[in-house]
Amino acid sequence: MIDPIVRTIDPKLVIVTMGPILITGYAPDTFLTVATEDDFFEKVRGADGSVERYAKNVFDAMITLTLLGTSMANELLMILHESDKLTNLGKVPFLMKDLLGTTLAAFPQAWIKKTPDLETSSSAITREWTIDTGPGVVHIGTNIL
């Protein structure tokens, strides 16, 4: 049976925070990627063909956040990153929540891995922030409204 509900995707209702910073000014198209860097389970096959798996307990992630070059969040993220380089106090909570659905990414500790590349252009530019995390939760859900 076909699902009779038309669901809505609205980037305005995807909330992203990094510490005290409410992120705004998302780039067009893909503006957030949360990727685990390793498989959660690994399979081992014995010489006799028996198979086992073991959990690698991968709960951390690499986050790529892409913003418009004119987003004020770039300045705030840069301040956070610069202060972290001076004080080692830049580990802050990271949260992404889709308010129209159940998708969520929450990490108690996240930090900016590197400064975005400096680029200028005669047209619109974007800034790509690379963020590392400690253990957290990622729930890939759906939009319910």
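**View 1. The largest nonpolar core of this predicted model has 24 residues.** Four members touch the most other members: M18, I23, L77 and F94. Several elements each supply at least two residues of this core. Among them are strands β1 (14–18), β6 (62–68) and β7 (92–98). Helix α1 (72–87) is also on that list, as are β8 (104–114) and β9 (126–133). Which strand gives the largest share of the core? β8 does, with four residues. There is a general pattern to keep in mind here. In soluble globular proteins, nonpolar side chains tend to be buried together.

**View 2. I23 and the residues it touches.** I23 belongs to the core and is one of the members that touch the most others. Look for its contacts with V16 and T17. I23 also touches L65 and L67. A73 and L77 complete the set, with residues up to four places away in sequence left out of the count.

**View 3. Y26 and F31 form a stacked aromatic pair.** The structure holds three aromatic pairs. In this one, the ring centres are 4.1 Å apart, and the planes differ by 5°. Are these two residues buried or exposed? Y26 has a relative accessibility of 17%, so Y26 counts as buried. F31 is buried as well, at 13%. The cut-off for buried is under 20%.

**View 4. F40 and F41 meet edge-to-face.** Their ring centres lie 4.9 Å apart. Their planes stand at 75°, so the pair counts as edge-to-face. F40 is partly exposed, with a relative accessible area of 30%. F41 is partly exposed too, at 38%. Both values fall between the limits for buried, under 20%, and exposed, over 50%, so "partly exposed" is the right label. F40 and F41 join F59 in one aromatic cluster.

**View 5. R53 places its charged end over a ring.** Which ring lies under the charged end of R53? The ring belongs to F41. The charged end of R53 is 3.7 Å from the centre of that ring.

**View 6. Strands β4 and β5 form a hairpin.** β4 covers residues 41–45, and β5 covers residues 51–55. The two strands pair in the antiparallel sense, over five bridges. Within this pairing, R45 stands opposite V51 in β5. Five residues lie between the strands. In the turn, G49 has a positive phi of about 90°. How many of the five residues of β5 are buried? The count is zero, and β5 is hardly covered.

Technical notes
Residues numbered from 1 in each chain as written. Predicted model: local features only at pLDDT ≥ 70, side-chain atom pairs only at ≥ 80, totals over all residues. Heavy atoms only, no water. Core = buried A, V, L, I, M, F, W, Y, C linked by side-chain atoms within 4.5 Å. Buried < 20%, exposed > 50% of the residue type's maximum accessible area, 1.4 Å probe, protein only. Contact = heavy atoms within 4.5 Å. Phe/Tyr/Trp six-rings, centres within 6.5 Å; stacked < 30°, edge-to-face > 60°. Lys NZ or Arg CZ within 6 Å of the ring centre and 35° of its normal. Pairing = 2+ DSSP bridges.
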